[in-house]
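Student: I would like to learn how to read a structure like this one, beginning with a single residue and working outwards. Could you take me through it step by step?

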Amino acid sequence: MAMAAVLCSAVSACSAAVASPRRGTRGGGGGGVASSMHHLKLLHRLSNFSSRFAFFPCMKSGCVTFRTRGNERIFFTSGNTSVVVDSGSKRRARGPLMAAKKAAEGSVQEGGQYKDTVDLPQTSFNMKANAVQREPEIQKLWEDKQILQKLLERNTGEPYTLHDGPPYANGDLHMGHALNKILKDFINRYQLLQGRKVYYIPGWDCHGLPIELKVLQSMDADARKELTPIKLRKKAAQFALKTVNEQRKSFKRFGVWGDWEDPYLTLSPDYEAAQVCVFGQMVLNGHIYRGRKPVHWSPSSGTALAEAELEYPEGHTSRSIYVVFKMTGLGEKFPEELKPFLPDMGVAIWTTTPWTIPANAAVAVNERLTYAVVELPSTTTLEEGAKIGKANKRVGSALQAPVVKYVIVAADLVPTLQAKWGTFLDVKGTFPGSALELCRYKHPLENRESPVVIGGDYISTESGTGLVHTAPGHGQEDYVTGQKYGLPLLSPVDDDGNFTSEAGQFEGLNVLGDGNTAVVTALDSHSALLMEEAYVHKYPYDWRTKKPTIFRATEQWFASVEGFRQDALDAINQVQWVPPQGEKRITAMTVSRSDWCISRQRSWGVPIPVFYDNNTGEPLMMEETIAHVQAIIAQKGSDAWWYMSTEDLLPPQYRDQAAKYKKGTDTMDVWFDSGSSWAAVVENREGLKWPADLYLEGSDQHRGWFQSSLLTSVATKGKAPYKTVVTHGFVLDEKGYKMSKSLGNVMDPRSVIEGGKNQKSEPGYGADVLRLWVSSVDYTGDVLVGPQILRQMSDVYRKLRGTLRYLLSNLHDWKPEENSVAYNDLPAMDKYALFQLATVMDGIQDSFNNFQFYRFFQLLQRFVVVDLSNFYFDTAKDRLYVGGKDSYTRRSCQTVLAAHLLTLVRSIAPVLPHLAEDAWSHLPFVFYRDGGLQAETVFEAGWPSVDDKWHSFSERLTFWTTLLQVRGEVNRVIEQARAGKLVGASLDGKVYLYVSAPDLQQSLTSLSGSNEGVDALHRIFLTSQVEMVSSKEAGEDLNLTYSGNSVLETGGELWVGVDRADGAKCERCWNYTPAVGSLDGHPSLCERCYGVVTLGPAQRTPVAV
């Protein structure tokens, strides 16, 4: 372990200086401190060649303490250097490097005369990334050299279209934005390296209420009074464009490539015109209609909302009520034996929206359920206004002093209702739900009768009474049932959520406030309220204002999903969904989806191109009128709808009738905006192809952009607009909590990259560490991020950077055309290293192809830390540093290192583009891509190919896997010997081996017999000698203090013993050999070093000289 040896040398001098701070140099006093600082600088420089060491000097009286990047601790004292390492550190001696470094510092010490014969690593590639400054420089390099444009011109593969889902242009970016855009960039850069043409057009959603609210919030009350629709629209457009510019800078700083100079904006005239065209095609196909139906209505926003514009926060509490409606007539199927109860019989319902009772038009039952007539006692065990547990309950007059003595409820719910109402319910008889059809009851607050009807499977016994209060004007299922029975569509609520005059005594009251209370009070006064209780459940809120919504029947424009639902379901089956459960989710949403309300009562959006007859209100909307408006918008933008007259907006053949019509004021749902992007962008932009290869957004878009895009595309084109859909989860903090300002756990991606106000607590990691985090998480679910996780990512990044530095520094004198060694001439260890590289590359390519970037991260991390740093790099340093500059085995090792460098740096480029480009710019040789042209940047080099020969080593894989297991056991016993002070470094030791498997024993014996071969056991174990013993007993007869037994995975017993190495230590390489002291002119060298120093290395020899 040459690095440890170098550290020992430098710190020995440093410790001495610290121990004697008053001791000066020959030139005068004060040299001690200067000397110690000099050696600390040396240590810092040495650390740049190994990612395993981090230095934390702690100068006490005569000691210096350092900590490695793992769990190892290195402790030095003056006069006696000792190194303490944990059992997993695989303590090694790296004598050559140590000696050369000490000599380079001018020390008179052992090995100094041979310092010029040691080939030290050399590179200007800094171990410190300095990402905050360096990454923008690299991005400017790409921009100045127009690398993306060059790739698009040069690449000859098929176009690859990843269509960007537009974020709202209404605020700063958060970690969810970073996750989304960086994932897309992984895919785009990978496809570019594959030689495909990737035209990525980023986009922004610029219309809609979020932006309109931002504008309104920035104005005072007086300014709002003067605000006309056209003024509002101009302010909204200015706000959106400003936000686009700010977000664009951040996305570019993430390292995301795309056509940032010409993104798509939903407010641009060409986009709006394409959207109107999609709308027109749906009109002509019969999928758009106007009707009065219940929709989600936001009183706080004053507009209808789509399902995707709702959220369902936990903890909403409603005032639920049990109410009895007195029956006035029975249907033909009602049981004869129960008809005598009629004068005093009623149906019991339960609702969480008491304010909808004035609009009640029916009571629905499930024909497959069994119902019961139960008798209410004259008293209840619950006191009026009683509170039970944590749930507020109030007994109503209908239970306190029943006017209706016999109540119909679902038979299965009788025990539940007995417990809830605190009374015994005497069952008088049961019957199927179908027997209740067309029975009649009197509305408790209005002078009208209504029927009992058959509903659907939405009526169950999970809660309530099994009978459902039905108000077709306030619920989708109620509306469907109402259509079936011709029920009146009552909706006595205005745009602000207040009761209208149709609600009689409740006029002017807010349905979500005092109006709700007033209805409950009125029911109680009419002896209809059985019980009131608080009910906690999920309730729809406006996702923008964070306030409750209501269901309300209004005149709106709808897309008839029923008209093409099956086509949409068929299209879903043709799409690849990642993860697979995404298909089930969007299928369920499409199956249950009602008609899509696409009209909004707002000014900031694309207008619905319709004209209304002034007298009849009939709409005028046909192919000619839509096409004319579309052409105007394409030229002037959608503002024209507001500032142009009706006469100018109508086509020529209708202008003489302009006085008869007025233009509509509704705008389209913003989900229709973004849902038309496949037509406005993918079909219209040069270089893109429809359907898109990929859509990638958050999992919430199954009911948002994925679905709106699917519906518009299927309704007009008959197929889905995408081939593959990938979804990711939400970003949570390290504890799994949702990020929010109130919790103080919001993480700003800009601060992650550039650093926060306090650089110590919030250091700037650069974009690549952020990107590395994205690659490390399984994005198919929710992902975690926080300071500790980012520190871990920074450590992994540093290890990767250290690996590239090792590769670059040991290739400083390598010329591909002169020094490459043919595969068939490589030692087995080098072939094994290439086999591992090929295997890892197969896995990495597979992970990119399947969008499994966390597998890329795992494969890369394990390969760099375990396969390279802990094995191949460890064993390679001997022949790289002291084997002779032009020795065949050094060149063979460099051939393998070059393969690793060129492969790794290109394979990490999609994820870590800045690191890859930084390393590429320090290549010590020129790389030519296919065609003989120099690849000046890593992306011009293309994706690395794996030589088929590298896989051929699989025939010997079992032996080498077993050999590495043997090596691990050897390391364990050596560590015991080191702890017992038998050896200091592994080169001080000699290993004795025995395996019970005859074939393996023979193979290992042949390797132990090679004194200088690259594949010799002592080179693999990093010891000075290895000797095979004939049996375990023969080994035990050696009476070694340190030995161990284990069972090999391939079967058979392994015995390992360790003793001091034979002979003396070579001054140059620190290997022990009996030849030291016997060679003329260089008595302190071993035979190998003697040959290198006096004769020069052999050019074509299979030994490590």
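Tutor: Let us begin with Lys723, and keep in mind throughout that this is a predicted model. Lys723 has a relative accessible area of 37% and is partly exposed, because that label covers values between the buried limit of under 20% and the exposed limit of over 50%.

Student: Which residue forms a salt bridge with Lys723, and how far apart are the closest N and O atoms?

Tutor: The general idea is that side chains of opposite charge can pair when their charged atoms come close. Here the partner of Lys723 is Asp693, with the closest N and O atoms 3.8 Å apart. Asp693 sits in strand β34 (residues 692-698) and Lys723 in strand β35 (residues 722-728), so their pairing ties together parts that are 30 residues apart in sequence. Asp693, with a relative accessible area of 11%, is buried, whereas Lys723 is partly exposed.

Student: How many salt bridges does the structure hold?

Tutor: There are 53 salt bridges in the structure, and another one to look at joins the side chains of Arg319 and Glu532, at 2.6 Å from N to O. This pair links distant parts of the chain, for Arg319 belongs to strand β13 (residues 316-329) and Glu532 to strand β24 (residues 529-537), 213 residues apart. Arg319 counts as partly exposed at 30% relative accessibility, while Glu532 is buried at 10%.

Student: Which residues do salt bridges with shared partners join into one network?

Tutor: Before the network, consider a pair: Asp846 forms a salt bridge with Arg855, with 3.0 Å between the closest N and O atoms. Salt bridges that share partners, in turn, join Arg134, Glu137, Arg801 and Asp918 into one network.

Student: What should I look for in the nonpolar interior, and which residues touch the most other members of the largest nonpolar core?

Tutor: Start from the whole protein, where 58% of the 1105 residues count as buried. The largest nonpolar core has 169 residues, and those touching the most other members are Trp773, Tyr872, Trp960 and Leu993. Helix α28 (residues 853-881) gives the most to this core, with 13 residues. Apart from that core lies another, of 74 residues, which includes Leu376 and Leu436.

Student: Which residues is Trp773 in contact with, leaving aside its neighbours within four places in sequence?

Tutor: Among them are Met175, Val731, Leu784 and Met793. In the protein as a whole, 75% of the contacts between residues at least 6 apart in sequence join residues at least 24 apart.

Conventions
Residues are numbered from 1 along each chain as its sequence is written. This is a predicted model: local features need pLDDT of at least 70, side-chain atom pairs count only at pLDDT 80 or more; totals for chains, interfaces and linings use all residues. Side-chain values use heavy atoms; hydrogens and water are left out. Buried means under 20% relative accessible area, exposed over 50%, partly exposed in between (1.4 Å probe, protein chains only). Contact means heavy atoms within 4.5 Å. A nonpolar core is a set of buried Ala, Val, Leu, Ile, Met, Phe, Trp, Tyr and Cys residues joined through side-chain atoms within 4.5 Å. Helices (H or I, at least four residues) and strands (E, at least two) are DSSP runs, numbered from the N terminus. A salt bridge is a side-chain nitrogen of Lys or Arg within 4 Å of a carboxyl oxygen of Asp or Glu.
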